[in-house]
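Thanks for making the time this morning. I would like to walk you through one model, and I will start as soon as it is up on the screen.

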Amino acid sequence: MYSSHSYREAKKLYLAAFPKWERFSLWQLNLMALHQCVHFQAFYDNNEFCGLIYYVVSAQTVYVVYLAISPDLRNRGYGTRVLQQLRARFPERQLTLDIEPVIKTAKNYCQRVRRLHFYEQNGFHQTASKLIDSDGQFQLLTTARQLNIDSTTVALKQMSSGYYHFKIE
């Protein structure tokens, strides 16, 4: 559970870290986080706010919806530690997430390459599957040998009670 202080920090980072078109509204995130399977957490190093993670847990999948590290603390291993803790907490489940596809003509091409590299260094690999929603197509990554599409679909439907419309191809 957030204190009001950590909620403000997480909200500020969330709004800064993700473009508007990639974000659920804050009221939607809070509503979805009422589900027992959805977790919206701030993390700290001692008393210093480091970042946030928003994820959903199903029987076979942990879907990382958002992971953000405070800009002034990036490249210090915080993201890696968060993912390591998540894997340790759910060792029998695949960790899955989506990223913007790495397209050379994208305005933020270098950022996309760095993001993919970060996740690959942390045990994720690209799959042949794409998540398609109203915002576009996203590359699915997983820590499993092969993406369990059914379990990934269940996790996303559980998170949103079916109101998030997407498909996986």
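The lining of the largest pocket draws at least two residues from each of α1 (4–17), β3 (61–69), α3 (78–89), β4 (94–99), α4 (109–121), β5 (125–133) and α5 (149–160). Please keep in mind throughout that what you see is a predicted model. The volume of this largest pocket comes to about 1,300 Å³, and of the 50 residues that line it, those closest to its centre are A17, F18, L67, R115 and Y119. In terms of chemical character, the lining is made up of 27 nonpolar, 13 polar and 10 charged residues.

Let me turn from the pocket to the strands, and to β6 in particular. Strand β6 covers residues 136–142, and because five of its seven residues are buried, β6 is largely enclosed by the rest of the structure. Which strands does β6 pair with? With β4, it runs antiparallel and is joined by four bridges, and within that pairing you can find D98 standing opposite L140 of β6. With β5, the arrangement is again antiparallel, here with six bridges, and β5 and β6 form a hairpin that has two residues between them. If you would like to trace that hairpin on the screen, D133 has G136 of β6 as its bridge partner, while K130 is partnered by Q139, likewise in β6.

Strand β5 has a further pairing, with β7, which is antiparallel and extends over three bridges; in this case L131 stands opposite I168 of β7. So that you can find it, β7 spans residues 166–168.

Next, the end of helix α5 and the loop that comes after it. Is S160, a residue of helix α5, buried or exposed? Its relative accessibility is 1%, and since the cut-off for buried is under 20%, S160 counts as buried. The side chain of S160 also makes a contact, reaching the backbone nitrogen of Y164 at 3.2 Å. S161, by contrast, is found in the loop between α5 and β7, and with a relative accessibility of 55% it counts as exposed, because the cut-off for that class is over 50%. The backbone of S161 deserves a look as well, as its phi is positive, at about 55°, although S161 is not a glycine.

There is another residue of this kind elsewhere in the chain, namely N46, which has a positive phi of about 60° and is not a glycine either. Where does N46 sit? Its place is in the loop between β1 (38–45) and β2 (48–57), and at 69% relative accessibility N46 counts as exposed.

To draw this together, we have gone from a largest pocket of about 1,300 Å³, through a largely enclosed strand β6 that is joined to β4 by four bridges and to β5 by six, to two residues with positive phi, S161 and N46. I am happy to go back to any of these places on the screen.

How values were computed
Residues are numbered from 1 along each chain as its sequence is written. This is a predicted model: local features need pLDDT of at least 70, side-chain atom pairs count only at pLDDT 80 or more; totals for chains, interfaces and linings use all residues. Side-chain values use heavy atoms; hydrogens and water are left out. On a 1 Å grid over the protein atoms alone, a cavity is a set of points where a 1.4 Å probe fits but cannot get out, and a pocket is an open set with protein on both sides within 12 Å along at least five of seven lines; lining residues have an atom within 4 Å of a point. Grid points are joined across faces, edges and corners, and a volume is the space filled by probe spheres set on the points. Ala, Val, Leu, Ile, Met, Phe, Trp, Tyr, Cys and Pro count as nonpolar, Asp, Glu, Lys and Arg as charged, and the others, Gly among them, as polar. Buried means under 20% relative accessible area, exposed over 50%, partly exposed in between (1.4 Å probe, protein chains only). Two strands pair if DSSP finds at least two bridges between them. A polar contact is a pair of N or O atoms within 3.5 Å; within protein, one must be able to donate a hydrogen and the other to accept it, and residues adjacent in sequence count only if both atoms are side-chain atoms.
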